[in-house]
Amino acid sequence: MDSVICLVLKIALAVVLVSKILQVFRIVVWRPHALTKSFKKQGVTGPPYFLLKGSLDEVKKWKKAAREIILDTNSNDIFKRVIPHYYIWSLKYGETFLFWHGTQPHLCISDPELAKQILSNKFGFYNKPCVNPFLQTLAGKGLLFMNGLDWVRRRRIVNPAFSLDKLKAMVKRMVACSLSMFEEWKHQAELAENNCIKIEINEEFQKLTADIIAHTAFGSSYVHGKEAFKAQRELQRWCAASNADVFIPGSQYLPTPSNLQIWKLDRKVKGSLSRIIESRLKSKITGGADFPYGDDLLGVMMAAIEPTQSNRNFKLQIDEILEECKTFFFAGHETTSNLLTWTMLLLSIHPEWQSKLKEEVLEECGMGIPDADILAKLKLRSYQMNMVLLEILRLYCPAIALVREASEDMKLGNLMIPKHTRLTIPIVKIHRSKEYWGEDANEFNPLRFKGGISKAAKHPNALMGFSVGPRTCIGQNFAMLEAKAVLALILQRFSFSLSPDYKHAPTDVLTLQPEHGLPIIIKPLNM
Ligand code: HEM
């Protein structure tokens, strides 16, 4: 009897083993071969697939070479430097090409109409792909990476935090954080020899936007929020490095020096966030308030711990809230900081636009503190500040590319897309396509937006800085209000110009950043 059981077990084990080997063979050898053939028949080619590594060696080689290039300060033609592999492959294989991130097939789609069809699909046919665990540790298992009903539920819970009245209240916090930083700049300039100071503005904006998100997300508990975010920023360095390589499943559990650091920092982030949530739970306001845990971002999410009759299905667990906090910091602080950084660069290179915006701000609010209503006004299409920010979002978009995965075999335009193929939409490329933006696509020309976003290019959705469709950025109004508040306060108080030692080197570090920082000379206006 025993020997029969033993035989059955051996056979079962052999079956499992063989099926695993076949699965690996299918992913590593057969699928790349079959997909390459299927796309070739449809007229789509691309760089060759190399076992396990796919096209990653080429990507690394070209990225390394591109990093040596310092661009002319006046050039906005950054595509070749930021994602050189897309540039080289599109020259060689055409607009649509197939490449391999390890064993993962990616189809590059640069046509805004096809991109819109992918991003606007409401039936879950193009999902957010699974990200590697390092990126998930960093960005949290929140809204950004979810799909299906989980995403619907989460988005409904979080939406009220970005309603107009909540945003209005947040503007006060944004202004307070900014003023304390600008007072410090002014103080330093007063002490300096010719009342000018050189500031590494990218670092300053990163501090400022982290401060703002800590205040707006956590209200009075912002000190602990800042602690959590500081650890999360450190985590980003480690996770970005791990994300650039081929991911070997299971490697995240090995006690390598880098994993040990990641685990330690993640514990720190979670510890600080848990302490904030616990203290909020204790300080709950009883008596039927809509947001018994406060009306900041955290409070709105915590209200969903105890759903009311009408929102029974939208209950959140504490650990889900914690992950969502990580997501908001990741998605919301560096993106806005980069938008502000690149704005300072272009307003320094184009002093005529700096003067126009200064005039506009002084006309609308004088030296007074800009409030939400004034800032909302600056959003109107004819307002120059709005046009400038949209033009920066086009030329120096913090988000470099968007990725989706076909959950079924799909027809897209003339192409048949096999299930599990990833579709990569290179925003950097689409935003400077002469076909859609005209011959001056690489020039800084805010006036192209004077008729509104949909009329600025030949395709109404050619501007994809906040994405399009149902998964468009939930924080876009927050980000634009923040950028306008910070910019208005700077223009009221300072004039600025580019430091001669600036090296123009935009680079892809999950978001678009100046590789060597952005040194800016700041001078208070009344000096
Ligand atoms: C200039 C600043 C910003 C830019 C350029 C930006 C860009 C984007 C883009 C392109 C997406 C779509 C990503 C994708 O589909 O793969 C996105 C999604 C998202 N953004 Fe932003 N973002 C900015 C600011 C913010 C802020 C301030 C917050 C929060 C406070 C935020 C929170 C999010 C979240 C949670 C998502 C996921 C939404 C969903 O999938 O439902 N973002 N953002």
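How do the residues of the lining of the second largest cavity divide into nonpolar, polar and charged? Hold that thought while we look at where this cavity sits in the model, which is a predicted one. Its volume is about 40 Å³, and the residues around it are K166, A169, M170, R173, T216, D295 and D296. Helix α8 brings the largest share of that lining, 4 residues. As for the split, you get 2 nonpolar, 1 polar and 4 charged residues.

That's one of 3 cavities of 30 Å³ or more. The largest cavity comes in at about 50 Å³. Look for L138, Q232, R233, Q236, F329, F330, H333 and E334 if you want to find its walls. Both α10 and α13 put at least two residues into this lining, with α13 giving the most, 4 residues. By class, the largest cavity is lined by 3 nonpolar, 3 polar and 2 charged residues.

Now for the pockets. The second largest pocket holds about 620 Å³ of space. Its lining runs to 26 residues, and those nearest the centre are Q206, K207, A210, R233 and H333. You've met two of these names already: R233 and H333 also line the largest cavity. At least two residues each come from α8 (164-191), α9 (201-218), α10 (222-243), α13 and the strand β11 (511-514). Here α10 gives the most, with 9 residues. Sorted by class, the pocket lining has 9 nonpolar, 6 polar and 11 charged residues.

Helix α13 turns up again at a sheet. This is an open, antiparallel sheet of 3 strands, in the order β4-β12-β9. The edges are β4 (197-200) and β9 (494-498), each of which pairs on one side only. On average, neighbouring strands here are turned by 35° against each other, ignoring direction. Helix α13 (residues 318-349) packs on this sheet and touches β9 and β12, with its direction at about 85° to that of β9. Between β9 and β12 (residues 519-524) the antiparallel pairing spans 5 bridges. To see the two strands face each other, find F494 and look across to P524 in β12.

Last stop: the iron. Which protein atom serves as donor to the iron atom of the ligand? There's a single one, SG of C473, 2.3 Å away. You'll find C473 in the loop between α18 (434-437) and α19 (476-493).

Notes: Residues are numbered from 1 along each chain as its sequence is written. This is a predicted model: local features need pLDDT of at least 70, side-chain atom pairs count only at pLDDT 80 or more; totals for chains, interfaces and linings use all residues. Side-chain values use heavy atoms; hydrogens and water are left out. Two strands pair if DSSP finds at least two bridges between them. Axes are lines fitted to C-alpha atoms, for helices over the stretch in contact, and angles run from 0 to 180 degrees between N-to-C directions. Contact means heavy atoms within 4.5 Å. On a 1 Å grid over the protein atoms alone, a cavity is a set of points where a 1.4 Å probe fits but cannot get out, and a pocket is an open set with protein on both sides within 12 Å along at least five of seven lines; lining residues have an atom within 4 Å of a point. Grid points are joined across faces, edges and corners, and a volume is the space filled by probe spheres set on the points. Ala, Val, Leu, Ile, Met, Phe, Trp, Tyr, Cys and Pro count as nonpolar, Asp, Glu, Lys and Arg as charged, and the others, Gly among them, as polar. Donors are N, O and S atoms within 2.8 Å of the metal (3.2 Å for Na, K and Ca); water is not among the atoms, so sites may look incomplete.
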